[in-house]
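Let's take a walk through a protein model, looking at how some of its helices pack and which charged side chains pair up. Keep the picture open while you read.

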Amino acid sequence: MLPFLQLYKNLLLQTLLSLSLILILTFLKIPIFFLHGLYTYIHPENVGAANNASSGVRAAIRRPSSSDSGPGLDGYQFLSSRTNAELKKRNKSKDKFEFDENNAQIFRMKLDEGHLQTRLFYNDYHNSFLFSFVGLSCLMLYKYLGESEGSGFLANGNLIPVIFGFIGLAKVLLALAKISFEKSASKRSEKQFSAIFGVVGFLIGIMICSGIGPAVFDFHVDSLEGSWRIFIAVLMGFLAGFLYMPAGKNARSFWLGTDLLRSNLSIISCGLFARMILYASYLLTMFTALLWINPLTEILVNKNSYGGRGVAGKLVGNVGFSNVEFTRLRVSCILLSGVLQIVALRSNLQMFLNEAVLSWYQRLHASKVPDLDFSRAKVFLHNHYLCLAVLQFFAPPVLVLLCLGLSQIGSNSFDKYNLVCGLLPCSAFVKEVALFMAWWIIFVWAVFTSATLVFYRRGILYVF
């Protein structure tokens, strides 16, 4: 019995960990607890009216009626629910308008279990959180235990982290694709830009995989065949297209959370600690994205060669990290970047919900006769697509961490799976492609976020 336990120790520990985590996460409702304490807002109509006098305030989250709001709420199509003729008629009217403060009230409430479970895409968020957390935990345990001395694939103990790692990847990717194709969750222009950037990502992937890329990007995929290179390029295109809208939402949350808008509204911006997390996450993401760019790589890696001329030429390639240390730095930066983005998720989600408050505040003070139909629709939509926003903030860092974890699996372990390795180039696919995809997600995320922030800074884009 003791030799059996010693031989299959890793497999038993991995099995025990995965089953216990599934039970704990399910029964303790950890995905809900992860979002507990955040505030959402409701903007009811006719508060304190005669029909509500008997029952008090009824602040229900519901879609504004068609008679009040008109069409076009699903995709933020119109800034006002009133037609131009009605606005002109109202402006020309000489009658004194009495503003009803009851219709302008907004209420804040804490997110709870009942609220989250009724939102769209809650099941996708729950399953993505569950399987990705289990996959990451199994990969961390594999890293801690190390390679087993057993010769069989069961005794090796790598089967369970690989299975749950790929299941987590599949769940998160499918959820990200599903919310990207949701018709009413985004504007048509955003979907068109997503398709354009998807094509650009595919072309960049073709460039990297065809041998032109190593001149700029420090990646080599020589061990892969031509069909798998095309597959990698297609996957890069899909990721670039899927990440465009989440990165734009992340930039908007960063813009509001760090108060770059200069609104001076404490209810909208983050506190000091949350701002530090947002800045650290953004800066580390930018730095990590640059670690695979060849000019920076040549400066930071010590190659022990004096081929350059002059003092500057001698410094390049002769100071910095060794190859092993630089690889370790890259992996550490990817890991910290993914962890910081998960830590910043709650702040980003709160800023997404606070954006509706900013819209209400702007509409309330825009004129003497405020039109609050748009802000009421904005508040409703931000509540309606709450779990969609959670997935958009949650999917990128989890994909990064899962790809990073799979890249740390020993290549010798995959060679023992003869059935799978007969179809896939196991060693190259897991070691090289997984790490490359982790960097690609960070790179695309950094480029889209930075470009959006520049557009906000220049006044080309604005939060309304």
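Start with Asp124, which counts as buried because its relative accessibility is 19%, and the cut-off for buried is under 20%. Keep in mind that this is a predicted model.

So what does Asp124 form a salt bridge with? The partner is Lys178, and the closest N and O atoms of the two are 3.3 Å apart. Asp124 sits in helix α7 and Lys178 in helix α9, so this pair ties together parts that are 54 residues apart in sequence. Unlike buried Asp124, Lys178 is partly exposed, with a relative accessible area of 44%.

**How α9 packs**

Now look at the two helices that this pair connects. Helix α7 covers residues 122-145, and its axis comes within 8 Å of the α9 axis, crossing at roughly 150 degrees. That angle makes α7 roughly antiparallel to α9. The crossing of α7 past α9 is left-handed. Asp124 and Lys178 both belong to this contact, and other members include Phe131, Leu139 and Tyr142 of α7 along with Phe164, Val172 and Ala175 of α9. Sorted by class, the residues of the contact between α7 and α9 come out as 11 nonpolar, 5 polar and 3 charged.

Helix α9 (residues 159-180) has another neighbour to check out: helix α18, residues 386-407. Their axes come within 9 Å and cross at roughly 150 degrees. Again, that makes the pair roughly antiparallel, this time α9 to α18. The crossing of α9 past α18 is left-handed. From α9, the residues making the contact include Val162, Phe166, Leu169 and Ile179, while α18 brings in Leu388, Val398, Leu402 and Cys403, among others. What classes of residue make up the contact of α9 with α18? There are 16 nonpolar and 3 polar residues, and no charged ones.

**The salt bridges**

How many salt bridges does the structure hold? The number is 4, and here are some of them, including the pair you've already met.

| Pair | N to O distance |
|---|---|
| Lys29 and Glu113 | 2.5 Å |
| Asp124 and Lys178 | 3.3 Å |
| Glu355 and Lys378 | 3.4 Å |

Take the pair of Lys29 and Glu113, whose side chains meet in a salt bridge. This pair links distant parts of the chain, 84 residues apart: Lys29 is in the loop between α2 (9-27) and α3 (30-33), and Glu113 is in helix α6 (residues 113-117). Lys29 is partly exposed at 36% relative accessible area, and Glu113 is also partly exposed, at 31%.

Next come Glu355 and Lys378, whose side chains meet in a salt bridge too. Glu355 lies in helix α16 (residues 345-365) and Lys378 in helix α17 (residues 373-384), so the pair ties together parts that are 23 residues apart in sequence. Are these two buried or exposed? Both Glu355 and Lys378 are buried. There's a bit more to this one: salt bridges that share partners join Arg252, Glu355 and Lys378 into one network.

**A stop at Val463**

Finally, find Val463 in the segment after α21 (426-458). Val463 counts as buried because its relative accessibility is 6%. Which residues does Val463 touch, leaving out those up to four places away in sequence? They are Arg252, Trp255, Leu256, Glu355, Leu358, Gln362 and Tyr456. You'll recognise Arg252 and Glu355 from the salt-bridge network. As for Leu358, its C-alpha atom is 8.5 Å from that of Val463, although the two residues are 105 residues apart along the chain.

Note on methods
Residues are numbered from 1 along each chain as its sequence is written. This is a predicted model: local features need pLDDT of at least 70, side-chain atom pairs count only at pLDDT 80 or more; totals for chains, interfaces and linings use all residues. Side-chain values use heavy atoms; hydrogens and water are left out. Axes are lines fitted to C-alpha atoms, for helices over the stretch in contact, and angles run from 0 to 180 degrees between N-to-C directions. Helices (H or I, at least four residues) and strands (E, at least two) are DSSP runs, numbered from the N terminus. Angles under 35 degrees count as roughly parallel, over 145 as roughly antiparallel, 65 to 115 as roughly perpendicular and the rest as oblique. A crossing is left-handed if the near helix is turned anticlockwise from the far one by less than a right angle, and right-handed if clockwise. Contact means heavy atoms within 4.5 Å. Ala, Val, Leu, Ile, Met, Phe, Trp, Tyr, Cys and Pro count as nonpolar, Asp, Glu, Lys and Arg as charged, and the others, Gly among them, as polar. Buried means under 20% relative accessible area, exposed over 50%, partly exposed in between (1.4 Å probe, protein chains only).
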